[in-house]
Amino acid sequence: MKRLSFLLLCLGVLGCKSVQPDNFPAGTYVRTGSDGTETGELLIYPEPGSTTLVHLSARRGAPSYNSGSIYARVNKNSKKITLQESNDYMDCELLMELEDDTITISTLKDECGFGYGVRADGTYKIKSREIPQFFTNGEGTEIYFSETPPGDY
């Protein structure tokens, strides 16, 4: 009996791990328009430690069918994340807030390089908790999260 208790204690101790909170869980989130079509997609790919890779794509329907996307690394240990991208032609800042199975995106600075009339704002609902392995860029090329950091895309 003592051996069994000792064995169970050892298994319990070895089985427990200290886990960082992951307030932006991996998966695919989608935004839908009033007609039910998908107008945006947010892919979240976890990295070891406190960061995660995020690919956000948004599109606008008729008549222009414009679109745009952002690929960035963000800190995942908060329920509010600010995604910022700045360079010579872009000054973008988006606030992402997690609540239950949705992420709400609000634009703080709108020079995000999206097509005319395209905004990322809205509520993105969980579609899949499976970790996405890649996203497809505007040219149709699959970009793998594990192989291509945001600065190299």
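pLDDT is the predictor's confidence in each residue, on a scale from 0 to 100. The model on display is predicted: local features are reported only at a pLDDT of at least 70 and side-chain atom pairs only at pLDDT 80 or more, whereas totals for chains, interfaces and linings use all residues. Residues are numbered from 1 along each chain as its sequence is written, and side-chain values use heavy atoms, with hydrogens and water left out.

**Stop 1: the N-terminal segment**

Select residues 1-21. Throughout this segment pLDDT stays under 50, and the model gives the segment three contacts beyond four places in sequence; a contact means heavy atoms within 4.5 Å. Helix 1 (residues 2-15) has the lowest confidence in the chain, at a mean of 37, while strand 8 has the highest, at 97. Helices (H or I, at least four residues) and strands (E, at least two) are DSSP runs, numbered from the N terminus. For the chain, the mean pLDDT is 82, and 84% of the residues reach 70 or more.

**Stop 2: the whole chain**

Display the full chain as a cartoon. The secondary structure consists of one helix and ten strands, in the sequence pattern α-β-β-β-β-β-β-β-β-β-β. The chain has 153 residues, of which 34% are buried; buried means under 20% relative accessible area, exposed over 50%, and partly exposed in between (1.4 Å probe, protein chains only). Switch to a surface representation: the accessible surface is about 9600 Å², and 51% of this area belongs to carbon and sulfur atoms. Such areas come from the Shrake-Rupley method with a 1.4 Å probe, and for residues only the protein chains shown count as cover. Of the contacts between residues at least 6 apart in sequence, 44% join residues at least 24 apart.

**Stop 3: the sheet**

Return to the cartoon and select the first eight strands in the order 4-3-2-1-8-7-6-5, which form an open sheet with antiparallel pairing. Its edges are strand 4 (67-75) and strand 5 (80-87), each of which pairs on one side only. From one strand to the next, the twist averages 25°; axes are lines fitted to C-alpha atoms, for helices over the stretch in contact, and angles run from 0 to 180 degrees between N-to-C directions. Two strands pair if DSSP finds at least two bridges between them.

**Stop 4: strand 6 and its partners**

Select residues 90-99, which make up strand 6; this strand pairs with strand 5 in the antiparallel sense over eight bridges. A hairpin with two residues joins strand 5 to strand 6. Across this pairing, Asn 87 stands opposite Met 90, and Glu 85 stands opposite Cys 92. Strand 6 is mostly covered, with seven of its ten residues buried.

Now add strand 7, which runs antiparallel to strand 6 and is joined to it by nine bridges. Two bridge pairs may be labelled here: Asp 91 with Glu 111, and Met 96 with Ile 105. The hairpin between strand 6 and strand 7 has two residues between the strands, and Asp 100 takes a positive phi near 55° there.

Continue to strand 8. Strand 7 and strand 8 pair in the antiparallel sense over four bridges, and Thr 104 has Thr 123 in strand 8 as its bridge partner.

**Stop 5: the disulfide**

Show Cys 92 and Cys 112 as sticks. They are joined by a disulfide, with an S to S distance of 2.0 Å; the criterion is a pair of cysteine sulfur atoms within 2.5 Å. The structure holds one disulfide. The link between Cys 92 and Cys 112 is right-handed, with 80° about the S-S bond. Cys 92 lies in strand 6 and Cys 112 in the loop between strand 7 (102-111) and strand 8 (122-128), so the link ties together parts that are 20 residues apart in sequence. Cys 92 and Cys 112 are both buried.

**Stop 6: Ser 57**

Finally, centre the view on Ser 57, which is found in strand 3 (residues 51-59). Ser 57 is buried, with a relative accessible area of 13%. Beyond its neighbours within four places in sequence, Ser 57 is in contact with Thr 39, Gly 40, Glu 41, Gly 68 and Ser 69.
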